[in-house]
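Please follow the chain shown here through a few of its helices and loops, keeping the sequence and the coordinates side by side.

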Amino acid sequence: RALELAAAGGHNLLLGGAPGTGKTMLARRLPGILPRLPPDEALEITRIHSVSGLLPPERPLVSAPPFRAPHHTASVSAIVGGGPTPRPGEASLAHHGVLFLDELAEFPRNALEALRQPLEDGAIAIARVGGKIVFPARFQLVASMNLCPCGARGDPAAECSCSAARLAAYRDKLSRALLDRFDLVVTMPRPRARELEAGPGEGSAAVRERVTVARERGRGEPLRRAQEANELLLRAVERLPLSARGRARVARVARTAALLAGADQVGAEHVAEAISYRSPTELGTP
């Protein structure tokens with residue numbers, strides 16, 4: 001459900017949980033439910049990949065949203081761009097697509113903090129003595145991580161061996177400002193035996209159809225929030241508490257839920273679902 005919401009609204013998504021719960025597998029399935037690119041976005045992405053020397057001769061036009069997954073040892077320049085002769089980084093190569101950061105807490109903190117500005121502005125400005133270059137970087141950030149260094153936190157079948165100091169150091173790798181930029185945060189439970197033995201779930205084609213319809217509806221008149229939805233959002237700001245950015249992101253996710261449901265307005269049930277995807281206490285932020 002969170003993946004469908006992320007695809008329909010272009011929301012940033014963080015999957016947390018114990019190893020082996022399917023976080024990486026789910027994230028890598030996201031491109032399969034994304035709609036095809038409109039011609040103008042396809043041309044824009046093709047230019048970026050061509051400049052970077054990544055456009056294969058047999059595919060002169062990038063027609064599908066890019067999916068970039070750099071390793072956690074990637075440098076700041078590799079992720080946001082730069083170098084002696086400035087070149088686009090992974091964030092720009094993921095323009096109008098998905099930037100997937102597996103094992104988020106293992107990335108250098110300065111590289112993660114460098115993503116905060118492009119997540120808001122949709123562009124990266126590289127300044128050098130000879131001038132300034134602006135690379136487009138309007139991407140969707142998807143990440144996965146364990147809830148502690150040993151990976152047992154949040155798993156009822158295992159006991160976490162991390163000390164308080166080690167856990168605090170692990171959390172300090174992710175600033176509250178960065179976590180606040182994730183619209184959807186999901187703690188992945190360990191699947192039960194009967195769930196692993198179950199048959200195939202819903203195919204990607206059906207989900208992609210719903211996502212495409214929701215995006216088309218989203219280009220029309222903006223949906224209004226019902227009075228009950230406004231009251232629930234007001235209470236959430238006071239009690240969670242939500243930051244101003246957090247409130248805006250909850251409102252965006254609620255709108256996406258209403259678009260997927262085919263509703264005429266954003267109801268209290270849509271706001272309640274959006275609130276349920278805020279960061280859990282294990283990550284140390286509301």
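In this predicted model, S92 touches I48, I124, F135, P136 and A137, a list that leaves aside residues up to four places away in sequence. Among these partners, P136 has its backbone oxygen 3.0 Å from a polar atom of the S92 side chain. S92 belongs to helix α5, which covers residues 90-93, and because its relative accessibility is 1%, S92 counts as buried, the limit being under 20%.

Beyond α5 the chain enters the loop between α5 and β3 (98-101), where H96 lies. The phi angle of H96 is near 60°, a positive value in a residue other than glycine. Such a value deserves a second look, since most residues other than glycine have a negative phi. A further case is E103, whose phi is positive as well, near 55°, and which lies in the loop between β3 and α6 (109-113). E103 counts as partly exposed, because its relative accessibility is 28% and that class lies between 20% and 50%.

Helix α1 (residues 2-9) offers a view of a helix in its surroundings: seven of its eight residues are buried, so α1 is largely enclosed by the rest of the structure. The buried residues are A2, L3, E4, L5, A6, A7 and A8. After α1 comes G10, a residue with a positive phi, near 65°.

Which helices surround α1, and how do they meet it? One of them is α11, which packs with α1 at an angle of about 40°, the two axes being 8 Å apart. That angle makes α1 oblique to α11, because it falls in neither the parallel, the antiparallel nor the perpendicular range. The crossing of α1 with α11 is right-handed, and the contact is made by E4, A7 and A8 on the α1 side and by V207, R210, V211, A214 and R215 on the α11 side. By class, the residues of this contact divide into five nonpolar, no polar and three charged. The spacing within such lists can be read with the helix geometry in mind: an α-helix has 3.6 residues a turn, so residues three or four places apart point the same way.

Helix α11 (residues 204-218) also packs with helix α13 (residues 244-261), here at an angle of about 115° and with the axes 8 Å apart. The two helices α11 and α13 are therefore roughly perpendicular to each other, and their crossing is right-handed. From α11 the contact takes R210, V211, A214, R217 and G218, and from α13 it takes R255, A258, L259 and L260. By class, the contact of α11 with α13 holds five nonpolar, one polar and three charged residues.

Helix α14 (residues 268-276) leads back to the helices already met, with H270, V271, E273, A274 and I275 as its buried residues. These buried residues of α14 pack against α1, α12 (227-239) and α13.

A last stop is A169, which is found in helix α8 (residues 164-172). A169 counts as partly exposed, because its relative accessibility is 44%. The C-alpha atom of A169 is separated by 9.4 Å from that of P149, although the two residues are 20 residues apart along the chain.

Terms used
Residues are numbered from 1 along each chain as its sequence is written. This is a predicted model: local features need pLDDT of at least 70, side-chain atom pairs count only at pLDDT 80 or more; totals for chains, interfaces and linings use all residues. Side-chain values use heavy atoms; hydrogens and water are left out. Helices (H or I, at least four residues) and strands (E, at least two) are DSSP runs, numbered from the N terminus. Buried means under 20% relative accessible area, exposed over 50%, partly exposed in between (1.4 Å probe, protein chains only). A polar contact is a pair of N or O atoms within 3.5 Å; within protein, one must be able to donate a hydrogen and the other to accept it, and residues adjacent in sequence count only if both atoms are side-chain atoms. Contact means heavy atoms within 4.5 Å. Axes are lines fitted to C-alpha atoms, for helices over the stretch in contact, and angles run from 0 to 180 degrees between N-to-C directions. Angles under 35 degrees count as roughly parallel, over 145 as roughly antiparallel, 65 to 115 as roughly perpendicular and the rest as oblique. A crossing is left-handed if the near helix is turned anticlockwise from the far one by less than a right angle, and right-handed if clockwise. Ala, Val, Leu, Ile, Met, Phe, Trp, Tyr, Cys and Pro count as nonpolar, Asp, Glu, Lys and Arg as charged, and the others, Gly among them, as polar.
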